[in-house]
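Visitor: I'm new to reading protein structures. Could you walk me through this one?

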Amino acid sequence: MIVINHSIFIIEDDQAIVEMVETYLTKEGYAVTVAGDGDEGLRKFEQAQGRFDLLLVDLMMPKIDGMEVIRRIRAYSHVPILIMSAKDSDIDKALGLGFGADDYIEKPFSMIELSARLKAIIRRATQYASVETKHNTLNMGDLRIDFDSFAVFKQEEPIKLTSKEFEILRLFAAHPNRVFTKAQIYAKVWNDDYYGDENVINVHMSRLRDKIEDNPSEPRYIKTLWGIGYKWEG
């Protein structure tokens, strides 16, 4: 008997890929919903009212492309998003992550690899939902981090962070003045081996700085140590 644990929403126009992924994930115990283009994807996501645990989004789709889908959803939701796309340029990866996706997987991919990515992303999201911290709220300069609600405030104004951005911020907040290399950040936040893809780190760090710093080009909190990595100065 299959026990359904998580709900996956696939937004993809290639029917062959949809059938392959949907069949595999259903056998794995996931509840799967499908949309064939970006417009349908946005409508179904709004109608679902937050019941999806993860989104699989293609970049190249009719009507509304995947980039725009991710951008619109990120305006009001922190649901984990995994890009699946045949486009393999660094620019496309950076743009997708820049709009708020958590990770990407390149076509063609194996079902085993996809399953591992999904489980890792859901596991991280679940850990955040159940985390217990000794100090539930942390004040650092004009920032306030609420670990219970995973909320961040700057001068008491809420800041919208993606799950990855919050994980990076939490990592730094837990280790002030400690220097982290890009490989260490990737290993701790993405829980995966680092293969030198700096775009993933660079995009997330840039977006985080844009949201928490008064002047991202002269950051107060996240300092760059050129050739080494980053550190937090509260």
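Here is a short chat about the domains, a few aromatic rings and one proline.

Visitor: Into which domains is the protein chain divided?
Guide: Before we start, keep in mind that this is a predicted model. The chain splits into two stretches, and their C-alpha centres lie 24 Å apart. Those stretches are domain 1 (7-128) and domain 2 (137-232).

Visitor: How much area do domain 1 and domain 2 bury between them?
Guide: Let's look at who takes part: the contact takes 18 residues from domain 1 and 18 residues from domain 2. Salt bridges don't feature here, as the count between the two domains is zero. Carbon and sulfur atoms hold 46% of the buried area, and the total is about 1,600 Å².

Visitor: What kind of aromatic pair do Phe9 and Phe52 form?
Guide: In general, you describe a pair of rings by the distance of the centres and the angle of the planes. For Phe9 and Phe52 those are 4.6 Å and 15 degrees. Planes under 30 degrees apart get one particular label, so the Phe9 and Phe52 pair is stacked.

Visitor: How many residues apart are Phe9 and Phe52?
Guide: Phe9 sits in strand S1 (residues 7-11). Phe52 is in the loop between helix H2 (38-48) and strand S3 (54-57), so this pair links distant parts of the chain: the gap is 43 residues.

Visitor: Which residues do ring pairs link into a cluster along with Phe9 and Phe52?
Guide: Phe9 and Phe52 are both buried. Ring pairs tie these two into a cluster with Phe45 and Tyr76.

Visitor: What kind of pair do Phe172 and Phe180 form?
Guide: Both of these rings are buried. Their centres are 5.9 Å apart, with 75 degrees between the planes. Over 60 degrees is the cut-off that matters here, so Phe172 and Phe180 are edge-to-face.

Visitor: Which residue lies over the face of Phe153?
Guide: Here we're looking at a charged side chain over a ring. The distance from the ring centre is 4.2 Å, and the residue is Arg144.

Visitor: Why is Pro216 called partly exposed?
Guide: Pro216 is in the loop between helix H8 (198-212) and strand S11 (222-225). Leaving aside neighbours within four places in sequence, Pro216 is in contact with Arg209 and Asp210. Buried means under 20% and exposed means over 50%, so Pro216 falls in between because its relative accessible area is 30%.

Technical notes:
Residues numbered from 1 in each chain as written. Predicted model: local features only at pLDDT ≥ 70, side-chain atom pairs only at ≥ 80, totals over all residues. Heavy atoms only, no water. Phe/Tyr/Trp six-rings, centres within 6.5 Å; stacked < 30°, edge-to-face > 60°. Helix = DSSP H or I, 4+ residues; strand = E, 2+ residues; numbered from the N terminus. Buried < 20%, exposed > 50% of the residue type's maximum accessible area, 1.4 Å probe, protein only. Lys NZ or Arg CZ within 6 Å of the ring centre and 35° of its normal. Domains from an automatic or database assignment. Contact = heavy atoms within 4.5 Å. Buried area = accessible area lost by both parts, 1.4 Å probe. Salt bridge = Lys/Arg side-chain N within 4 Å of Asp/Glu carboxyl O.
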